[in-house]
Amino acid sequence: MRELTKREKQRIRKLVTNNCANYCEEYGCLPLDCDCYMFGIAFNTSKLCRYFENAVLPLDTELYAVFNRLPTRACKQCGKRFAAAGKQLYCSEQCAAEARRIQTAKRVRKHRVKAKM
């Protein structure tokens, strides 16, 4: 059990306001007819809204890993943390493509230098 950081709380708030179908800015949580209790969550072991846990939380892999206690790893390209799945080194296909581009450029540059000698 650990307390959520300020950044994690901000990300939860952003996820709820942008992606939760049960949240309305004017009324709050529509099924409960009150403020969304996800805004006041403080610990990673707290009880989550079932809709938030099943539909909204998987959109943010880092938060998903925090609440499900999954091992995380830093992306080799951008440094962003993500839930590790096997031998995965990059957080997204964009980071993997960028890393391949950089590695190819480095390999070609080395080959050109070697060919000039």
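Read along the sequence, the protein chain runs α-β-β-α-α-β-β-α, which comes to 4 helices and 4 strands. It's a spread-out arrangement: the radius of gyration is 20 Å, well over the 13 Å that the globule rule gives for 117 residues, so the chain is more spread out than a compact globule. The C-alpha trace tells its part of the story too, spanning about 75 × 30 × 25 Å along the principal axes.

All of this rests on a predicted model. The mean pLDDT of the protein chain is 85, with 98% of residues at 70 or more. Confidence bottoms out in strand E4, residues 81–83, where the mean is 76. At the other end of the scale sits helix H4, residues 93–116, which has the highest value, a mean of 94.

As for packing, buried residues account for 26% of the 117 residues in the chain. Looking at contacts between residues at least 6 apart in sequence, 34% of them join residues at least 24 apart.

Two aspartates in loops make a handy pair to look at. Asp33 sits in the loop between strand E2 (28–29) and H2. Its backbone has a positive phi of about 55 degrees, even though Asp33 is not a glycine. The residue counts as exposed because its relative accessibility, 61%, is over the 50% cut-off.

Asp60 turns up in another linker, the loop between helix H2 (50–56) and helix H3 (61–67). Here the relative accessible area is 13%, which is under 20%, so Asp60 counts as buried. Leaving aside residues up to four places away in sequence, Asp60 touches Arg11 and Leu15.

Then there is the matter of empty space inside the model. Rolling a probe the size of a water molecule over the atoms shows where such space is left. The structure holds 1 cavity of 30 Å³ or more, and the space in the largest cavity comes to about 30 Å³. Cysteines feature in the lining: Cys20, Cys29, Cys36 and Cys49 are there, along with Asn22 and Tyr23. Sorted by class, that makes 5 nonpolar residues and 1 polar residue, with no charged residues in the lining.

Definitions and conventions: Residues numbered from 1 in each chain as written. Predicted model: local features only at pLDDT ≥ 70, side-chain atom pairs only at ≥ 80, totals over all residues. Heavy atoms only, no water. pLDDT = per-residue confidence, 0-100. Buried < 20%, exposed > 50% of the residue type's maximum accessible area, 1.4 Å probe, protein only. Contact = heavy atoms within 4.5 Å. 1 Å grid on protein atoms, 1.4 Å probe; cavity = no way out; pocket = protein on both sides within 12 Å on 5 of 7 lines; lining within 4 Å. Points joined across faces, edges and corners; volume = space filled by probe spheres on them. Nonpolar A, V, L, I, M, F, W, Y, C, P; charged D, E, K, R; others polar. Rg over C-alpha atoms; globule rule 2.2 N^0.38 Å.
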